[in-house]
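Colleague: I would be grateful for a close look at the aromatic rings of this model and how they are arranged.

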Amino acid sequence: MDKGKKIKALVVGDDWVKTKDLIEATKRVLEGYDYEIDSFDQVMDKPMSREKKDDIGDDSVTEYCGHPQELISRIDGVNLLVVHTSPVTKQVIEAGKDLIAIGCCRSDAVSVNVDAVTDKGIYFFNAPGRSVEPVSDLTITFALALCRNILRADRYVKEGRWAGDLNREVPSWEEFESFRGLTLKNKKFGVVGLGKIGRKVAEKAAGLGMDVQVYDPFLDKKIVGEYGTVCTLEELFVNSDFITIHIPPVESNRGIISRELFNKMKPSAYFINVARGEIIDEEALIDVLQKGKIAGAALDVYYTEPLPGTSPLVKLDNVILTPHLAGQRKDVSEGSASILEGTMKPFFQENSLATCFNSAEIKKNK
């Protein structure tokens, strides 16, 4: 990039990644340039559910907040667009005739039509790995909480049943003994998807002495074998004591964890999903949980978010439910902005495309 060129930037943050943090990151990215920054706060007006009722004219853009018209009305003359959950549709890209680069501080570019960005020769930057540690931490926490019956035991103490059972003339150990759980060492831990998060989960599970099983058909088997035993998806579901999902929410993965797979799980096995709700057949999971065909599950994501109070999942004692918080570390705003800054800065400060998401495709199209 020529530092003699004036840069107009549009920065749009929201409740999760603050506009002020994105502005400060953008200023550091554009240090040495003559620039101006326009900005606004994106209202997170609806849950990022799987079934959108509104038509934004671009089915490739999912998990967004707001409407593309909010960007279109401000995109004239903009060279750099920096967003979090705002929908960067093909219409936004068409309207942004002066766009040079787009930065989105998410790991997966689900709110940006990257194909349209690439077709226009616009350089795209994301924030890879921003959720690796918190999501992998929660995955392992779920495994421990499930197999040691932590939540049931917590209620047992708080509701006074422990004191009541042991302060009887003849103590009762019946419920207490129901909390006895598995030890993790040597248990088979199945990881579906070996991206950045999947790899970190596999490493942490192995560190606890677990026998890691891995399914990822898109990676060389030699690479997969560095993290665990290579297996098919069916083998993983048949043999694993714990199964955790770490694949992206692309259309080809919709419902890939099917009723057939759930029915192949061990009665003693646990299922964990911190990826996306639409990846699994949620009704099938509910069915095997209600019938006791598997030991339990821990879910952070759902087909419909927020999870309706009428969902059968809320009534199940063998399920842990959290509100899509896996990636919500305390410094999510500053941390996300900092990672995006790190990927954009080489382009603007060093004329380097090393951290550009789509540079190879742009080069191929020229």
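**Aromatic rings and their surroundings**

Modeller: In this predicted model, the charged end of Arg74 lies over the ring of Phe40, at 4.2 Å from the ring centre. Turning to rings that pair with one another, the count is eleven aromatic pairs. One of these joins Tyr123 and Phe347, whose ring centres are 5.1 Å apart with 50° between the planes, a tilted arrangement. This pair connects distant parts of the chain, since Tyr123 belongs to strand E5 (residues 123–125) and Phe347 to helix H14 (residues 332–350), 224 residues apart. Both Tyr123 and Phe347 are buried. Phe347 also pairs with Phe348: the ring centres are 5.0 Å apart and the planes meet at 85°, so this pair is edge-to-face, because planes over 60 degrees apart are classed in that way.

The burial of the two phenylalanines can be stated in figures. Phe347 has 6% relative accessibility and therefore counts as buried, the limit being under 20%. Phe348, at 2% relative accessibility, is therefore buried as well. Ring pairs join Phe347 and Phe348 with Tyr33, Tyr123 and Phe125 into a cluster.

Outside the aromatic rings, a buried threonine may also be described. Thr89 lies in the loop between strand E3 (80–83) and helix H3 (90–95). Its relative accessibility is 0%, so Thr89 counts as buried. Apart from neighbours within four places in sequence, Thr89 is in contact with Ile56, Asp58, Val61, Pro68 and Asn113.

Technical notes:
Residues are numbered from 1 along each chain as its sequence is written. This is a predicted model: local features need pLDDT of at least 70, side-chain atom pairs count only at pLDDT 80 or more; totals for chains, interfaces and linings use all residues. Side-chain values use heavy atoms; hydrogens and water are left out. Rings of Phe, Tyr and Trp (its six-membered ring) pair if their centres lie within 6.5 Å; planes under 30 degrees apart count as stacked, over 60 as edge-to-face and the rest as tilted. Helices (H or I, at least four residues) and strands (E, at least two) are DSSP runs, numbered from the N terminus. Buried means under 20% relative accessible area, exposed over 50%, partly exposed in between (1.4 Å probe, protein chains only). A charge sits over a ring if NZ of Lys or CZ of Arg is within 6 Å of the ring centre and within 35 degrees of the ring normal. Contact means heavy atoms within 4.5 Å.
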